[in-house]
Amino acid sequence: MASTLEKFIHSLDPRSLPRVLQIQSGIYFQGSIYEMFGNECCLSTGEVIKVIGFKINKLIASICENNEDSQFSAKVELPLNFPGLYKVVADKTPYISIEEITRKVAIGSTRFGHPCFYSSEDIKLANLTIKQGEQITFNSVEEVNGTMAVNCGVVRNNQSHSFTLPLSQDGKFYECEDDQIYTLKEIAEWKIPRCRKRIVKLSNTLHAWDSSNPLPENFDGCLILTPVYEVQAVMKFRKDIVHILSDLDVEVKDITDCYDISSFLQPLSLEDVFERTSREFPMVAEIMEGPLGRQKPYNLLHIGKEIVIHKKYQATRVLASEIRSDSPKRHFLIPMTYKGKFKRRPREFPTAYDLEIARSEREQLHVVATKAFDSPHTELFSVSVGDQFLVQQRQTSEVLYEGRKKVIDVLACEQILSDAYKEVLLPMYMEGGFVEVIHDKKQYQLSEICKEFRLPFNVKVSVRDLSIKEDVLAAVPGLQLEEEITDSYLLISSASSPVESWEIPVYRFNMSVHLLSKDVQTDIPPMTKTTVEEISEEEYYMVRRFENQTLHPPPRPPKKPAALAPKPVSAVSKQITSDVLQSTKNFCVDTTKKLCANQAADVSELQVSCQNDLVHHDNVKDMTGKPTLVEAAVIKGLTNNPLGKWEGEKEQEEAHNYEYVDENVIENIRKVFQDTTTRNKDVLSEDRRDI
């Protein structure tokens, strides 16, 4: 039975792919030629295509000024990265079975993939009865004793109870109200059921309204979202992948069951290739869809190019981010074979606890205070801006607290005075601000840094990698090397001229190939090329989330006693505190950025002089790396002036219509929103109990 392409794709289960479709009829621009993403394809009546995938390309939003029950009027087109946070309005139409829920609703391992429903009737299980209206969380779908079922959970009296529901379970299941807020991209990926539309309510615009915004000014109504899909398909006599939008006005018929699907080329993604056994390598493949880019190996991997895939393996990369106070930052994956050299750059530490974490046995940590701290106890030291310390070790100390002696954690340091060193104790809960003083002028290879120092570590490229034509790291003012990661790679070379081979990442390289039945030499080209890979913000968070799944979370810093809150001692400290609050989304907060704008240029020169010239007198520095008192006096005099920015360049404004928001900002807004919702619920519950 024929249907529109839009209706077919909206109802298509991704698990049933690939599907073979026959074009029945349609309206075409310029005859039967349709062009999408630079690919021309002929969709004439009777044409047969194989659909291999689809994803949401954009959203059509119908605007309602008041609420979801009002009449929807104008329609606007919204990209997936359109700024704003939205609340999902629960669908009032019930699902008639668990199977329908699993077929239409996204269920996955992330926090977005745990939808909640309630049943209109009690559900009696072997050892548990799910009550009518009780919230059921769907966690995953898997096979249990030969039957497909959903792992579910309910919470009663703050205790979680787990159970399974078979897909054959019938009933009326309604969506629960969702208190979370989401971006449009998150809603498109997780919160739009198949064959249904989704109503959302704007919760936070994130930016001031301007004329480029398609939504009305001061809009606080609802939007009904309809997805438009990008369909990836293979045509009978073509060796590339075509892209078609689902709202194209054509009718199609599913003929998969009566068609020889093997007559089409079988496109494989790099993930598909990587899943093959090691014994199947090397293999020859022809590129059906290549990556975009002007640099090698991107410009070599064009459609129709024959390549040899020699092997699959895991390789180590260092995840690095540009050091800058504003957003967005650039992120890189640096191979261990990178031949450039680095010099150290000062690190910043927002608390005394961070000093303890950064302390190492290799060298003594030397820091300058950029924020004042007034100690409430005579046993502990009060810090002024410009004070210098050598960090010693963590220990405990007795203090007088409300007339009683109390043992607290402290950080033992040596304060550097003009003519002596003074032993002082800093409380671990101290909210200060410190900048590292660098005494090390050595140039390091990347492998040396990873071996000798603890990451994260701040550096700047001092000698670029001469083996590559353009070293993107050399132009970056400063880098923070964050962590080592292990990622999946394929080693490839050209089939026609195998002079050199390239490492290509499996999960960040958009390329499709089909395998060729050709003989291939097993010898790998002698020269293997690796590249510094610049990754997007989204890829950065995906890499960190994947890598950190196997790591234990860092210890929580000690809490500051309520009665020991430090008093502000100067306008300077207040200003720095304000800067810290405004920069919470950065890993290392630039607490000195806005101390004194009119002295920025002079201070920058003094700071560089302080860090690179005055403290590097090797002939007067002792073997432990402890600075001399002469050096300390010079630095003390300089740091009494506010420190300037290290970044000397400003990012040019991007020419786009929308402003995009860092994910950390979104997470902070989410947290505040969730805390407010929780408090409101608690107050409402108390009021009900009082009644």
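Strand S17 (residues 222-235) pairs with S18 in the antiparallel sense, over five bridges. Five residues separate the two strands, and together S17 and S18 form a hairpin. Alanine 233 has valine 242 as its bridge partner in S18. The model described here is predicted.

Strand S18 spans residues 241-245, and five of its five residues are buried, so the strand is largely enclosed by the rest of the structure. Burial extends to both of its faces. Ile241, His243 and Leu245 point one way from S18, and all are buried. Val242 and Ile244 point the other way and are likewise buried. Valine 242, the bridge partner of alanine 233, thus belongs to the pair made up of Val242 and Ile244.

The protein chain as a whole contains 11 helices and 36 strands. Of its 691 residues, 45% are buried. The chain exposes about 36700 Å², and carbon and sulfur atoms supply 50% of that area. Among contacts with a separation of 6 or more, 71% involve residues 24 or more positions apart.

One open sheet has six strands in the order S8-S15-S9-S12-S13-S14, with antiparallel pairing. Its edge strands are S8 (95-97) and S14 (159-166), each of which pairs on one side only. From one strand to the next, the twist averages 45 degrees. Strand S13 (residues 147-156) and S14 pair in the antiparallel sense over eight bridges. Within this pairing, valine 154 stands opposite histidine 161 in S14.

Two loops of this region carry asparagines with positive phi. Asparagine 145 is found in the loop between strand S12 (136-144) and S13. Its phi is positive, about 55 degrees, although the residue is not a glycine. Asparagine 145 is exposed, with a relative accessible area of 79%. Asparagine 158 lies in the loop between S13 and S14. Here phi is about 65 degrees, again positive in a residue that is not a glycine. Asparagine 158 counts as exposed, at 79% relative accessibility.

Another open sheet is formed by six strands in the order S25-S30-S26-S27-S28-S29, and the pairing is antiparallel. Strand S25 (348-349) and strand S29 (421-427) are the edge strands, each pairing on one side only. Inside the order, strand S26 (residues 366-369) and strand S27 (residues 388-401) pair in the antiparallel sense over three bridges. The bridge partner of valine 367 in S27 is phenylalanine 389.

Leucine 268 links distant parts of the sequence. This residue is found in strand S20 (residues 268-269). At 8% relative accessibility, leucine 268 counts as buried, because the cut-off is under 20%. Its C-alpha atom is separated by 5.8 Å from that of histidine 514, although the two residues are 246 residues apart along the chain. Neighbours within four places in sequence aside, leucine 268 is in contact with Val273, Arg276, Met511, Ser512, Val513 and Leu515.

Cis peptide bonds precede two prolines. One joins phenylalanine 281 and proline 282, with omega at about -5 degrees. Proline 282 is placed in the loop between helix H4 (270-274) and strand S21 (283-289). Another joins leucine 455 and proline 456, with omega at about 5 degrees. Proline 456 has its place in the loop between helix H6 (446-452) and strand S31 (457-463).

Terms used
Residues are numbered from 1 along each chain as its sequence is written. This is a predicted model: local features need pLDDT of at least 70, side-chain atom pairs count only at pLDDT 80 or more; totals for chains, interfaces and linings use all residues. Side-chain values use heavy atoms; hydrogens and water are left out. Two strands pair if DSSP finds at least two bridges between them. Helices (H or I, at least four residues) and strands (E, at least two) are DSSP runs, numbered from the N terminus. Buried means under 20% relative accessible area, exposed over 50%, partly exposed in between (1.4 Å probe, protein chains only). Contact means heavy atoms within 4.5 Å. Accessible areas come from the Shrake-Rupley method with a 1.4 Å probe; for residues, only the protein chains shown count as cover. Axes are lines fitted to C-alpha atoms, for helices over the stretch in contact, and angles run from 0 to 180 degrees between N-to-C directions.
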